[in-house]
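Me: Please take a close look at one position in the model shown below. Then set out, in one connected account, how other parts of the chain are arranged.

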Amino acid sequence: MSKPKVSVVKVAPPEGNASFMNGKYVRIEEDVQKIKKAVAEAVELAIGSLDTIIKEGDVVLIKPNLAFQAPPESHAVVDPRTIEAVVSYVKENSKAKKVLVGDNPSLGMHVGRAKPAFKDSKMEEAAYLGGADEVIYFDEHDVVPVEIEGAKIFKHATVFKPFLDADVVINLPKMKVHLAGTVTLGLKNWNGIIPNCHPDGQQQGAHRIELGQKMADLYRVRHADLTIVDSVIGMEGQGPHAGTPIEMNLIVAGADTVSVDAVAASIMGFDPMEIPAIRCAGTEGQGEIDLAKIEVVGNSVESVMKHFKRPGGDPIGMYAGLTCIMQQTCGGCHVNVRGALDSFAISGIDMKKFLEKSGEVVVIAGGVPDIDPQFCADKNVFICGDCWEIFPSADKVREAASLAKSVTYYPGCAPVYIFAQLNADLQKLAAAK
């Protein structure tokens with residue numbers, strides 16, 4: 001049995017990278033051509049030719065990582081230059097009938113729907129510059145109920161119809177770290193194929209410590225025909241939204257998404273077995289994760305590796321005046337609260353003035369037997385999830401809420417929407433007169 005092949009190709013350093021990493025995206029034609037050349041080399045090294053996956057008359061869907069409504073300078077979304085390069089390459093080197101670009105931001109209504117997200121990220125503009133026939137906003141299309149054969153925890157899904165209808169799907173994730181998933185690459189990118197109704201089990205029912213298994217299950221809906229990782233500028237630190245850019249100037253590609261993720265994670269300085277989604281998909285036989293059994297072509301992992309700063313998912317003790325009381329709490333609430341507080345902290349808020357004007361904040365989640373209700377008196381209390389109500393300390397939490405200056409509840413398990421919503425509510429509190 002032949003080894004899966006994953007290509008690692010260097011991009012000639014784009015001139016616009018310096019400006020981009022310093023907060024201003026500028027499209028330079030020569031930069032797009034440099035990335036396109038690397039995409040062509042990476043694809044051809046990995047699969048030989050697009051003709052091996054795209055037949056005459058096929059409808060091809062390119063599914064990027066459109067996680068949030070965010071500008072390119074956030075580095076939380078796929079580089080517009082890479083979108084343009086990939087679309088242009090596919091248009092020029094295949095017999096496809098149509099080349100579509102489509103996705104849905106995984107936090108949807110809380111951080112922008114697909115249409116504004118595509119616009120603000122400049123991905124839509126880039127897709128059309130590359131020659132795309134259509135940009136598809138998944139959340140404006142029908143969904144299809146799917147029973148996921150072989151799934152362990154995420155067994156039923158409603159999947160956006162355009163994703164299922166396409167003849168060929170090209171997976172285009174971004175190389176970045178992730179609070180809950182450690183990294184977010186090709187497997188995690190499938191989170192955008194399902195709707196985002198919060199609170200609802202469709203998105204968050206397995207968005208706790210089982211996130212890796214959820215993504216491995218969801219990948220069973222349909223494997224990508226080709227995965228191309230946008231690794232021109234990655235994100236390290238507090239990803240997927242509050243990290244910092246790291247220049248890589250790479251394209252990583254292959255037909256086996258699990259193998260591509262294993263190689264990309266290794267380039268980022270992680271052992272593939274550290275990454276829950278890769279580990280679960282690999283041990284289930286959905287792809288190869290042992291680098292000794294993967295043929296890496298182009299450049300070796302060792303020659304391009306950089307050790308990405310790892311994300312911290314624990315919010316406790318991070319920010320003075322924003323106290324988190326979280327005992328007997330799963331990782332779902334931990335990482336979503338941490339993500340929200342990180343967003344608030346980097347938004348330019350003057351924390352000292354905020355606390356003086358608005359008062360202290362207390363975030364509660366899980367069973368908290370040691371909570372002193374008086375600690376919450378005259379403070380702004382935010383209560384996360386549903387599980388706190390089943391613990392013996394529930395009456396203490398209710399008493400704490402009754403003593404609070406204000407109280408906000410976030411129902412759901414885990415309430416992934418607070419990743420955005422808690423930050424939004426804190427911003428409203430800061431802006432109140």
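Reply: E284 lies in the loop that runs between α10 (276–283) and β12 (295–298); here helices (H or I, at least four residues) and strands (E, at least two) are DSSP runs, numbered from the N terminus. The model is a predicted one, in which local features need pLDDT of at least 70 and side-chain atom pairs count only at pLDDT 80 or more, while totals for chains, interfaces and linings use all residues. Residues are numbered from 1 along each chain as its sequence is written, and side-chain values use heavy atoms, with hydrogens and water left out.

E284 has a relative accessible area of 19% and is therefore buried, given that buried means under 20%, exposed over 50% and partly exposed in between, with a 1.4 Å probe and protein chains only. Its side chain makes two polar contacts: one of 3.1 Å with the side chain of R220, and one of 3.3 Å with the side chain of Q286. A polar contact is a pair of N or O atoms within 3.5 Å; within protein, one must be able to donate a hydrogen and the other to accept it, and residues adjacent in sequence count only if both atoms are side-chain atoms. With residues up to four places away in sequence set aside, E284 touches K152, Q213, A216 and R220, where contact means heavy atoms within 4.5 Å.

The helix before this loop, α10, also packs against helix α9 (residues 257–267): the axes come within 10 Å and cross at roughly 140°. Axes are lines fitted to C-alpha atoms, for helices over the stretch in contact, and angles run from 0 to 180 degrees between N-to-C directions. The helices α9 and α10 are therefore oblique to each other, since angles under 35 degrees count as roughly parallel, over 145 as roughly antiparallel, 65 to 115 as roughly perpendicular and the rest as oblique. Their crossing is left-handed, a term for a near helix turned anticlockwise from the far one by less than a right angle, with right-handed used if it is turned clockwise. V258, D261, A262 and A265 of α9 meet I278, A281 and G282 of α10 in this contact.

Q286, the polar partner of E284, also serves as a reference for distance. From Q286 to I136 there are 150 residues in sequence and 28 Å in space, C-alpha to C-alpha. I136 is in strand β4 (residues 134–137) and is buried, at a relative accessible area of 5%. Beyond its neighbours within four places in sequence, I136 is in contact with L100, V101, G102, D103, F118, H141 and P162.

Strand β7 (residues 168–172) is mostly covered, with 5 of its 5 residues buried. V168, I170 and L172 point one way from β7, whereas V169 and N171 point the other way. Strand β2 (residues 59–64) runs parallel to β7 and is joined to it by 5 bridges; two strands pair if DSSP finds at least two bridges between them. Within this pairing, K63 has N171 as its bridge partner. β7 also pairs in the parallel sense with strand β10 (residues 226–236), over 2 bridges, and there L226 is the partner of I170.

A further sheet is open and has 4 strands in the order β13-β14-β15-β16, with parallel pairing. Its edge strands, each paired on one side only, are β13 (322–327) and β16 (406–410). From one strand to the next the twist averages 15°. β14 (residues 361–366) and β15 (residues 380–384) pair over 5 bridges, and V362 stands opposite V381 in β15. Helix α12 (residues 331–345) packs on the sheet, where it touches β13, β14 and β15, and its direction makes about 175° with that of β13.

α12 also packs with helix α15 (residues 418–431), at an angle of about 40° and with axes 7 Å apart. These two helices are therefore oblique to each other, and their crossing is right-handed. From α12 the contact involves V335, N336, V337, G339, A340, L341, S343 and F344, and from α15 it involves I418, F419, L422, N423, L426 and Q427.
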